[in-house]
Amino acid sequence: MQTPRLTSKYTRRTLVAGAAASAVFGSSIRPSLAAPKVINWWYEGATPAQQAALERYLTQPFNASQSDYKLVIEYRGSGLPDQLLVALAGGQGPDIVLTNGPAWTQRFVTSNKLLDLNAFAQKFGWKEKLAPIALQLGTYDGKLIALAKTIETQALFYNQTLFKQKSWTAPKTLQETEALADTMLKAGIQPFVAGNSGQRFANRHLLGIVYNNYCSPDAVYKALCGELPWNAPVFVEAVELLNRWWDKGYFGGKRYFSLNMNQSFAVLATGKAGMAMQGTWAFQWVPDTFDKTKQELGVTALPQLSPNVPYPVFVLGIGADLAINAATQVAEGCAMVFDRLMDYGFVEKMSQVWEGEWNIPFAKAPPPVATPDRIQAEAAELRTGVTEAMMSGRYGYAPWTFWPAKTDDYMKGGIEEVWLKQITPKQFSDRLNDTFQQEMKEGLVKTPPPRS
């Protein structure tokens with residue numbers, strides 16, 4: 001593990017007038033102006049283009065807008081989560097805390113390492129700007145601890161060039177999905193690209209899809225509230241469905257373990273695979289995949305896997321939370337940074353360079369994006385769909401946002417045991433339920449907001 005570099009963030013630089021100047025100007029000397037206080041934000045990894053966009057659209061405008069604070073962003077890469085654990089435990093770390101979402105945020109909440117943002121929410125009007133469910137998910141025991149930075153959903157991405165050549169239509173039902181996947185297999189085309197090399201968390205992306213689109217969001221909600229066990233027949237059936245798809249080779253068999261999500265998405269762009277059940281984060285891979293192959297990407301809602309489930313369902317996930325370090329001396333400045341993120345114009349500009357990473361959970365759907373770029377338009381349409389789903393209650397539940405930590409961890413490895421025939425779908429469901437029930441007893445399950 002990379003050892004975090006704990007920087008001294010709270011020094012203030014001042015311009016000091018010399019003694020000679022004091023003698024010359026006497027009582028007319030003006031107090032020296034304090035340099036702006038540094039707001040330190042540790043970020044994950046980002047490409048040079050993405051870093052430049054964040055500098056252009058956030059850091060520079062913020063620093064130019066006032067003289068009290070200076071925002072400095074440090075890119076820490078994939079080691080950020082562990083670095084935050086070590087730094088905050090020692091009462092240090094960045095002023096702005098970026099976590100991987102509610103499951104990670106909860107770790108800092110229980111140790112009182114994050115500030116209550118309620119006063120800032122009142123001052124800046126965040127409760128009018130952000131979707132109520134997003135605020136509820138960031139609230140613990142009445143304290144608003146975190147703001148959702150990135151709202152995610154999952155969708156069906158497909159190679160539209162290939163679909164046009166074959167006269168295929170994106171499936172909307174279970175029957176259509178399996179019929180098309182079987183047709184692809186016969187043609188030597190992998191139905192769904194997917195991979196988990198170095199990214200075991202990708203396994204539960206697939207579980208989340210079958211739980212929501214086969215069992216229904218209502219069933220998932222009841223389970224998360226403790227009203228329905230995770231080994232109820234409907235959940236076992238969902239795992240059996242996913243296992244059947246695995247056995248048939250829909251996900252590429254053993255190749256699944258040798259590719260990561262980005263690499264597998266590149267296969268989709270070659271036409272050697274037809275579809276991908278991916279998250280909105282996949283939009284950021286389009287320039288390095290579809291733009292290079294000159295093939296066309298299509299995007300639509302995930303298929304309805306049971307007639308008991310509405311269509312479409314937008315799985316709601318929070319890819320990142322923003323919070324303020326309890327040890328900071330620049331809390332007001334951090335809140336000012338957060339407020340600048342809650343702007344439709346900022347999101348649109350950032351999304352032109354860094355699609356899928358800046359989906360702020362606005363209370364109202366953003367205005368239509370005027371762009372000739374079809375992919376940006378598709379992404380904007382998905383953002384609108386998620387916003388409308390949040391406000392109308394037509395949303396599902398992403399495991400990485402709503403499941404407690406140990407249950408979420410078990411999903412990642414346990415489903416592999418099913419695929420490798422080490423345990424049955426029923427045994428997996430039993431163990432998942434046991435893990436969840438234990439976490440519920442320990443008070444580690446955050447009950448989701450009531451469905452509207």
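This short talk goes through the nonpolar cores, the cavities, the pockets and the cysteines of the structure shown above. Please keep in mind throughout that this is a predicted model, and that the values I mention are computed from it.

Let me begin with the interior. The largest nonpolar core has 94 residues, and if you want to find it on the screen, you could look for F157, Y211, W230, F251 and F428, which are the residues with the most contacts inside it. Helix α10, which runs over residues 202–215, gives the most to this core, with 8 residues. Apart from this core lies another one, of 52 residues, and among its members are F62, V97, F124 and Y140.

It may help to take one residue and look at its surroundings. Which residues does F428 touch, if we leave aside its neighbours within four places in sequence? The contacts of F428 are L207, Y211, V239, Y410, M411, G414, I415, V418 and I423, and you will recognise Y211 in that list as another of the residues with the most contacts inside the largest core.

Now to the enclosed spaces. The structure holds 6 cavities of 30 Å³ or more, and the largest of them has a volume of about 110 Å³. This cavity is lined by 13 residues, of which I151, N359, I360, R383 and T387 are the closest to its centre. Helix α17, covering residues 374–392, gives the most to that lining, with 5 residues, and by class the lining divides into 9 nonpolar, 3 polar and 1 charged.

The second largest cavity has a volume of about 80 Å³, and its lining consists of A194, G195, A202, H205, L206, Y256, M261, M277, Q278 and W281. Two elements, α10 and the strand β9 at 273–279, give two or more residues to this lining, with the largest share, 3 residues, coming from α10. How many charged residues does the lining of this second cavity have? There are no charged residues in it, but 7 nonpolar and 3 polar ones.

From the cavities we turn to the pockets. The largest pocket has a volume of about 1500 Å³, and it is lined by 44 residues, with E44, N100, Q199, F201 and M261 the closest to its centre. Several elements each supply at least two residues of this lining, including α2 (48–65), β6 (147–152), α10 and α19 (405–419). By class, the lining of the largest pocket has 18 nonpolar, 16 polar and 10 charged residues.

The second largest pocket has a volume of about 310 Å³, and among the 19 residues lining it, V286, P287, D291, D373 and I375 are the closest to its centre. Here α17 provides the largest share, 3 residues, and the lining as a whole has 8 nonpolar, 5 polar and 6 charged residues.

Finally, a word on the cysteines. A disulfide is a covalent bond between the sulfur atoms of two cysteines, and a search of the whole structure finds 0 of them. Why does C225 not form one with C215? The closest cysteine sulfur to that of C225 is the one in C215, and C225 cannot bond to it because the two sulfurs are 15 Å apart, too far for a bond. C225 counts as buried, at 18% relative accessibility, and C334 is buried as well, with a relative accessible area of 0%.

Technical notes: Residues are numbered from 1 along each chain as its sequence is written. This is a predicted model: local features need pLDDT of at least 70, side-chain atom pairs count only at pLDDT 80 or more; totals for chains, interfaces and linings use all residues. Side-chain values use heavy atoms; hydrogens and water are left out. A nonpolar core is a set of buried Ala, Val, Leu, Ile, Met, Phe, Trp, Tyr and Cys residues joined through side-chain atoms within 4.5 Å. Buried means under 20% relative accessible area, exposed over 50%, partly exposed in between (1.4 Å probe, protein chains only). Helices (H or I, at least four residues) and strands (E, at least two) are DSSP runs, numbered from the N terminus. Contact means heavy atoms within 4.5 Å. On a 1 Å grid over the protein atoms alone, a cavity is a set of points where a 1.4 Å probe fits but cannot get out, and a pocket is an open set with protein on both sides within 12 Å along at least five of seven lines; lining residues have an atom within 4 Å of a point. Grid points are joined across faces, edges and corners, and a volume is the space filled by probe spheres set on the points. Ala, Val, Leu, Ile, Met, Phe, Trp, Tyr, Cys and Pro count as nonpolar, Asp, Glu, Lys and Arg as charged, and the others, Gly among them, as polar. A disulfide is a pair of cysteine sulfur atoms within 2.5 Å.
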